[in-house]
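Me: I would like to go through this structure term by term, with each label set against the rule behind it. Please take the ligand sites before the rest.

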Amino acid sequence: MSGPATHCGAGGDPEDLTSGGSLPAVWREHAGRQPDRVCLHDPDTGWISRGELAEESAAVAGRLFAAGLRRGDRVLLSAPAGTALVAAHVACLRMGLVVVPLNAALRRREVAHIVADAAPRGAILDDADMRAWVRRAAPEAVVCTSAVHLRSGKVPSLDDLDGNEPAILGYTSGTTGAPKGAVLTHANLLAGAEALRRAWDWRDSDRLVLALPLFHMHGLGVGLHGTLHAGAAAVLQPSFDPGAVIDAVLEHRATLFFGVPTMYSRLVTHRRSGELAGLRLAVSGSAPLAAELHRGLEAATGLRVLERYGMTETVMLVSNPLDGERRPGSVGFPLPGVDLRLMAPGESPGSAPEVAAGMSGEIWVRGPNVFAGYWCRPGTGPRSDGWFSTGDIARRDAEGYLYLEGRTTEVIITGGLNVYPREVEEQLADHPAIAEVAIAGRPDEQWGELVTAYVVPAPGRRTPTAADLRSHVVDRLARYKQPRAVVPVEAIPRNALGKVQRHLLGEVAGTEAAAT
Ligand code: MLC
Ligand code: AMP
């Protein structure tokens, strides 16, 4: 090789990633060309074709329109993966509504924050509690379990979207712990899907087993959008079960599987893991894939997993090559259309050159996939010249492969989901047995990191157990944010400004009180 490679997936001009107009416009073309070709499999209802999805989503759009929803209105969507959820999602995008995907695990406080911020005019929610919380917080909104409960109506204009129109409002926590809505436009979603189509040579003959939830960028922006954009097919699974994934791969002769590292750690130990060998591509992302797991998977299945890196705000950014070497521990090269620079602290593109070769820097990105900004938070998000600081820190090796090394912010990633320590600390602060608490992640083979509470007990009180802490926050924090382990400490280490020094928590820890 003559010098460091700069991009993953050579095909096509990065400039024309959005020439299809919008995802709905591309989907319409696929459906028009081969309406009978299958595109989605639901475990309850079986396969549906492109034409059926087009018809079903148009009918849902008619119902949403009859209920008074209009272009630009926000609609909350949350349900287990299945064709009904996909039809609702596709209907919203086709008629210009803005989808706000909601993690089904969120509790009332978390949902209320998003409702107050996004001001949704509609909500299709599988969970009864969630519907009740939304009705209370947004009495004017149209709230239902499924669009079939709304009366049918005239189908509005579909698929005539401008690339700059908002398509998804994806909530992602900031360092303050208050989630912010990342506004992704139709052009962003299209650029994200097209970059993956090129980089992974995603073809209409591909079949993906999709066991990721459809309320985060991985399942939605990569798995679902990528499938529909390529004219391919996906076998949807409402939850992740290693045996069911293997069965689906065999039954449907699947070619693709995408997962978070926790899924791979469960697959690698499954007695039938070798049966995954027929896949043409297995992709990992959302959290670091340990190099040992990467090698273990190859030994068990013969698959050399392709690791990639992305975020809610940008769809996908970086990927190991499809054809070249996939390096364990590395996320690879920038995807087509992605401009990426590593900058020293305090520097940004334009203010200084990149860090020297081999040095670490914060990842800044620019490209048609990078979101428009945070909802109702002017002055935040990408700069006016398009550059966005990701908060992730990386270095490049001599061949240009990127290695993620940490973050400038204090996020914990557990099972592929982000948890912000401050949000958890705030909810635990009023526990009667706690004088002071700090939250940090502790390495864990299965989950990547375990949410761990370092607790200074209140005078005369015993250190609470993890179960005590969980019951204290049961109605306030989604399960995955709740502490899994407790470590008693005499004091929380702080710097001169009073800021918790989380990296020192392990060092000041006393005897561990309670694990899970
Ligand atoms: C579930 N639990 C978790 C958890 N998921 N705890 C911590 N972290 C998680 N991620 C809780 C459950 O509520 C339960 O709690 C207990 O753990 C055991 O549950 P389980 O049945 O073993 O878990 P399961 O339901 O199988 O879920 C594990 C999982 C799931 C890995 C399949 O977390 C998952 O789908 N993760 C993927 C998330 C994702 O899509 N991330 C992409 C973000 S987008 P209790 O108390 O009831 O015992 C992004 C951008 C990018 O990051 O680059 O992709
Ligand atoms: P989210 O805000 O949920 O979209 O999560 C995005 C974050 O997940 C990124 O900023 C990274 O920190 C992290 N992430 C995504 N992919 C990877 C990966 N392959 N390895 C390590 N971290 C990752």
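Reply: A residue is near a molecule if one of its heavy atoms lies within 4 Å of it. The model discussed here is predicted. Around ligand 2 there are 16 residues, and those that come nearest are Glu 307, Arg 308, Thr 312, Asp 392 and Arg 407.

Me: What makes the approach of Glu 307 to ligand 2 a polar contact?

Reply: The cut-off for a pair of N or O atoms is 3.5 Å. An N or O atom in the side chain of Glu 307 is 2.9 Å from a nitrogen atom of ligand 2, so the pair is within the limit of 3.5 Å and counts as a polar contact. Asn 418 also places a polar side-chain atom 3.1 Å from an oxygen atom of ligand 2. From Pro 288 it is a backbone N or O atom that lies 3.4 Å from a nitrogen atom of the ligand. Ligand 2 taken alone exposes 500 Å², of which the protein buries 89%.

Me: Which strands each supply at least two residues of the shell around ligand 2?

Reply: They are β13 (306-311) and β20. Strand β13 gives the most, with 5 residues.

Me: How do you know that Ser 286 and Arg 484 make polar contacts with ligand 1?

Reply: The same kind of test applies, with its limit of 3.5 Å. An N or O atom in the side chain of Ser 286 is 2.6 Å from an oxygen atom of ligand 1, and for the side chain of Arg 484 the value is 2.6 Å. Both pairs are within 3.5 Å, and therefore both are polar contacts. The side chain of Arg 479 has an N or O atom 2.8 Å from an oxygen atom of ligand 1. On its own, ligand 1 has 1,000 Å² of accessible area, and the protein covers 72% of it. Two or more residues of its shell come from each of α7 (217-230), α9 (261-268) and β13. The shell has 23 residues, and Ser 286, Arg 308, Thr 414, Arg 479 and Arg 484 come nearest.

Me: Why is Cys 144 not counted in a disulfide?

Reply: A disulfide requires two cysteine sulfur atoms within 2.5 Å. The closest cysteine sulfur to that of Cys 144 belongs to Cys 92 and is 9.8 Å away, which is too far for a bond. Cys 376 is likewise in no disulfide, with its nearest cysteine sulfur, in Cys 92, 19 Å away. By this rule the count is 0 disulfides.

Me: Why is one of these residues, Cys 144 or Cys 376, called buried and the other exposed?

Reply: Buried means under 20% relative accessible area, and exposed means over 50%. Cys 144 has 6%, so it is buried. Cys 376 has 58%, so it is exposed.

Me: Are Ser 57 and Pro 179 buried or exposed, and what makes them so?

Reply: The relative accessible area is 0% for Ser 57 and 15% for Pro 179. Both values are under 20%, so both residues are buried. Ser 57 is found in helix α2 (residues 50-66), and its side chain reaches the backbone oxygen of Ala 54 at 3.1 Å. Pro 179 has its place in strand β8 (residues 179-185). Its C-alpha atom is 8.0 Å from that of His 113, although the two residues are 66 apart along the chain.

Me: How do you know that β3 and β4 pair?

Reply: Pairing needs at least two bridges. Strand β3 (residues 74-78) and β4 have 4 bridges, so they pair, and they do so in the parallel sense. Leu 76 has Val 100 in β4 as its bridge partner. Both faces of β4 (residues 98-101) are covered, with Val 98 and Val 100 buried on one side and Val 99 and Pro 101 buried on the other.

Me: What makes β16 and β20 edge strands?

Reply: Each of them, β16 (339-343) and β20 (402-407), pairs on one side only. The open sheet has 4 strands in the order β16-β17-β19-β20, with antiparallel pairing. The twist from one strand to the next averages 45 degrees. Strand β19 (residues 388-396) is joined to β20 by 5 bridges, and Ile 393 stands opposite Gly 406 in β20.

Key. Residues numbered from 1 in each chain as written. Chains lettered and ligands numbered in written order. Predicted model: local features only at pLDDT ≥ 70, side-chain atom pairs only at ≥ 80, totals over all residues. Heavy atoms only, no water. Axes fitted to C-alpha atoms, helices over the stretch in contact; angles between N-to-C directions. Buried < 20%, exposed > 50% of the residue type's maximum accessible area, 1.4 Å probe, protein only. Polar contact = N/O pair within 3.5 Å; in protein donor to acceptor, adjacent residues only side chain to side chain. Areas by Shrake-Rupley, 256 points an atom, 1.4 Å probe, with all protein chains shown as cover.
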